[in-house]
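Trainee: I should like a close look at a single part of this protein, namely its aromatic rings. Please take me through them in one connected account.

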Amino acid sequence: MIEMLIALAVTSLCGLLLMGPMDRALATSREKQFWQNFEQLWQSAVIESPLNKMPNIINFNENKMTIINGKNKISLSYPKTVTVKKQVTFKISRSGQITGKTVNFKSTLPNRNQKLVFQIGWGQFIRRDVE
């Protein structure tokens, strides 16, 4: 009986010790997936504007990014660990050009804050890690 209690206690302790690292790994994976989805949506919006001859409105608010193209509206929610420091809205013109903007993302994970710098011109952006 005592051996069973010791085995149960050891097993429970091991499970509790592994939960923290597993949660962080899952959150990190969700952030990576978000950035991949973001890049795909962004490239699609930049390509579609000149093809459809319609501007796209891009809105980064506190919990999601929204792309509005005419009547179509596509949203990409941020992972639970990510928020935008300040709401930013800008337009991709009919020709596919954008104005320069910066969007700062804050993550609750250590060393995962990001800055997106959208360059003036044809839809290029740079993603940087910030402290």
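Mentor: Let us begin with Phe 90, which has a relative accessible area of 4% and is therefore buried, since the cut-off for that term is under 20%. Please bear in mind that the model is a predicted one. Phe 118, at a relative accessible area of 2%, is buried as well.

The description of such contacts follows a simple convention: a pair of aromatic rings is characterised by the distance of the centres and the angle of the planes. The structure holds 18 aromatic pairs. One of them is formed by Trp 35 and Phe 105, whose ring centres are 5.0 Å apart and whose planes stand at 80°, an edge-to-face arrangement. This pair joins distant parts of the chain, for Trp 35 belongs to helix H1 (residues 2-52) and Phe 105 to strand E6 (residues 101-107), with the two positions 70 residues apart in sequence. Trp 35 and Phe 105 are both buried.

Phe 90 and Phe 118 make up another aromatic pair, this one tilted, with 4.9 Å from centre to centre and 50° between the planes. Because Phe 90 sits in strand E5 (residues 88-92) and Phe 118 in strand E7 (residues 113-118), the pair ties together parts of the chain 28 residues apart in sequence.

These four residues also belong to a cluster linked by ring pairs. Its other members are Phe 34, Phe 38, Trp 42, Phe 60, Tyr 78 and Phe 125.

The strands that carry some of these rings may now be placed in their sheet. E6 and E7 occur in an open sheet of 4 strands, ordered E4-E6-E7-E8 with antiparallel pairing. Strand E4 (82-84) and strand E8 (125-130) stand at the edges with a single partner strand each, so one side of each has no neighbour in the sheet. From one strand to the next, the twist averages 25°. Between E6 and E7, the antiparallel pairing extends over 5 bridges. Thr 102 has Val 117 in E7 as its bridge partner.

Finally, a word on confidence. The mean pLDDT of the protein is 85, and 92% of its residues reach 70 or more. Among the elements, H1 has the lowest mean pLDDT, 81, whereas strand E1 (residues 56-60) has the highest, 93. The Trp 35 side of the edge-to-face pair lies in H1, the element with the lowest mean value.

Note on methods. Residues are numbered from 1 along each chain as its sequence is written. This is a predicted model: local features need pLDDT of at least 70, side-chain atom pairs count only at pLDDT 80 or more; totals for chains, interfaces and linings use all residues. Side-chain values use heavy atoms; hydrogens and water are left out. Rings of Phe, Tyr and Trp (its six-membered ring) pair if their centres lie within 6.5 Å; planes under 30 degrees apart count as stacked, over 60 as edge-to-face and the rest as tilted. Buried means under 20% relative accessible area, exposed over 50%, partly exposed in between (1.4 Å probe, protein chains only). pLDDT is the predictor's confidence in each residue, from 0 to 100. Two strands pair if DSSP finds at least two bridges between them. Axes are lines fitted to C-alpha atoms, for helices over the stretch in contact, and angles run from 0 to 180 degrees between N-to-C directions.
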